[in-house]
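Me: I'd love to go through this one with you, starting with charged pairs and ending with backbone oddities. Could you take my questions one at a time?

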Amino acid sequence: MNKPLRRVAIFCGLLMLALLVRNNWIQYAQADKLRTDEKNRRVAIERYATPRGDIIVDGEPITGHKATGGDFAYKRTYKDGAMWAPVTGYVSQAFGANQLESIEDGILTGNDDRLFFRNTLDMLTGKKKQGGNVVTTLSGAAQKAAYNGLKKQGGKGSVVALEPSTGKILALASYPSYDPSTIAGNSLETDAKAWDKLQKKNNPDDPMLNRALREVYPPGSTFKVVTAAAALEHGMVEDADQKTDTPLPYIMKGTTTELKNDGDLPCKDASLREALRVSCNTVFGKLGTDLGNDKMLETAKKFGFGQEHFTPVRTSSSLFDKDMEPSQVALSSIGQFNTAATPLQMAMVAAAVANNGTLMKPYMVDELQTPSLDTVEKTDPEKLSEPLSPENAQILQSMMETVVNDGTGGNAKIDGVTVGGKTGTAQHGENNSKNPYAWFISYAKTGDGSAPVAVAVVIEDENAVRGDISGGGLAAPIAKSVMEAVLKSKQ
């Protein structure tokens, strides 16, 4: 080959090599970047080209799909969308997805690698790709009781119900709420207007906030259950009916400030049972101080404080501070100062007591299914911790049952059922300037001694008469209706 032809051949070879390198660079190195580029409509078109799988409750779908006739062939629909939004989240052609719709998107769209064999088979047979299903642990009856109770109350609030023996989430309600169908994909203009109306800057009620998992509140006197558990576990108190060494008035250690009770209560040297029954701030504040910050923090952590939990939706972390002054420990031990908890966290406290001291990891997805309903993945119950010994848990159960039978939690009584509970009214706003939060945590036990349900309810009602706000008055009736719904479904 002569010299000019050789140069041309080398140049052409280099051009071919450059094309190969460029092609491989685009197809492999930049594949994810190009696939997720917001200007790449092909991915979105493919995502909505086939019906999405369903989210299942009690064997029935609470989601669906609808043909649109547009580039995005199908859009998501929801049954009782506002009631189920804290569970499902949303999937929107304009605004993406969150919660279960996002976390389990691969299964629901059919793109999960675990569905590869199924998708390959469908390609060979010419069948369109289908999404799989997400089967939840939720109880439709419990969720309805929770949501309707909050709606009837009319303020803001949340309810969480758990099965103590497994950690299954039975109800997860938040109010006010929103219907995910309104932003699922009508038109970009319509969806954008609906989206803007739901944003906190335009809607102070913040209906898209998942109050059950993402909002933290001062737990108030419901936290006294944790303080009682710490006192029992660390040997500060050995018997629910032994008197405590609690003066009245009680001046917080290191200060000249009196820790006051809510009224003229029989709290001087009160037993742990009596102190929980009438909700003595002095007894539990002093117990927390005497135990010290480290032991109180240790017990709170065993109940789940200080951790993000994945249900699989991520929760906010509940807080019990460290490195506090004794007076701050006293206030924290009655659920004030910086102590803060999600409704899920306080349901976990009640569930651990009801389950004889064992706390199970909370979860809301029971299994993932293929389109043909074969199981892809099954969730097994998992122990999270043991905040209490069985003996101390049973002591605390007897105390919480006294609260319902003879104390502030009477509105949660259920005929023929053993109910334990604790009320709480937590300060809100600077210098307690706003209406307090009303709390109630509880569990129900059946005749065989098992506890099929534990509940936490929190109500924030800015329009209520301040003197009418109490955990026993506002929150306990909702907890009762949720427990009744679960008990009835077990019959």
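Me: Are glutamate 101 and arginine 52 buried or exposed?

Reply: Happy to help, and a note first: this is a predicted model, in which local features need pLDDT of at least 70, side-chain atom pairs count only at pLDDT 80 or more, and totals for chains, interfaces and linings use all residues. Residues are numbered from 1 along each chain as its sequence is written, and side-chain values use heavy atoms, with hydrogens and water left out. Buried means under 20% relative accessible area, exposed over 50%, and partly exposed in between (1.4 Å probe, protein chains only). By that scale, glutamate 101 and arginine 52 are both buried.

Me: What N to O distance joins the side chains of glutamate 101 and arginine 52?

Reply: Side chains of opposite charge can pair when their charged atoms come close. A salt bridge here is a side-chain nitrogen of Lys or Arg within 4 Å of a carboxyl oxygen of Asp or Glu. Glutamate 101 and arginine 52 form such a bridge, with N to O at 3.0 Å.

Me: How many residues apart are glutamate 101 and arginine 52?

Reply: Helices (H or I, at least four residues) and strands (E, at least two) are DSSP runs, numbered from the N terminus. Glutamate 101 sits in helix α5 (residues 99-103), and arginine 52 in the loop between α3 (41-47) and β1 (55-57). The pair therefore links distant parts of the chain, 49 residues apart.

Me: Which residues are linked with Arg52 in a network of salt bridges?

Reply: Arginine 52 also bridges to aspartate 105, at 2.9 Å from N to O. Aspartate 105 belongs to helix α6 (residues 105-109), 53 residues from arginine 52. Arginine 52 has a relative accessible area of 10%, while aspartate 105 counts as buried at 19%. The residues linked with Arg52 in the network are Asp54, Arg76, Glu101 and Asp105.

Me: Which residue meets glutamate 401 in a salt bridge?

Reply: Glutamate 401 lies in helix α16, and its partner is in strand β17 (residues 434-445), so the pair ties together parts 44 residues apart in sequence. Glutamate 401 is buried at 13% relative accessible area, and the partner is buried at 16%. The N to O distance is 3.1 Å, and the partner is lysine 445.

Me: How far apart are the end C-alpha atoms of helix α16?

Reply: The expected span of a helix is 1.5 Å times one less than its number of residues. Helix α16 covers residues 390-406, 17 residues in total, so it should span 24 Å. The model agrees, with the end C-alpha atoms 24 Å apart.

Me: Which peptide bond is cis with omega near 5°?

Reply: Most peptide bonds are trans. One cis bond runs from tyrosine 175 to proline 176, with omega near 0°, and proline 176 lies in the loop between β9 (169-175) and α9 (188-198). For omega near 5°, look in the loop between α10 (224-233) and β10 (250-251), where proline 249 is placed. That cis bond goes from leucine 248 to proline 249.

Me: What is the relative accessibility of aspartate 269?

Reply: Most residues other than glycine have a negative phi. Aspartate 80, in the loop between β4 (74-78) and α4 (81-88), has a positive phi of about 50° and is exposed at 55% relative accessible area. Aspartate 269, in the loop between β11 (258-259) and α11 (272-278), has a positive phi near 55°. Aspartate 269 counts as partly exposed, with a relative accessibility of 24%.
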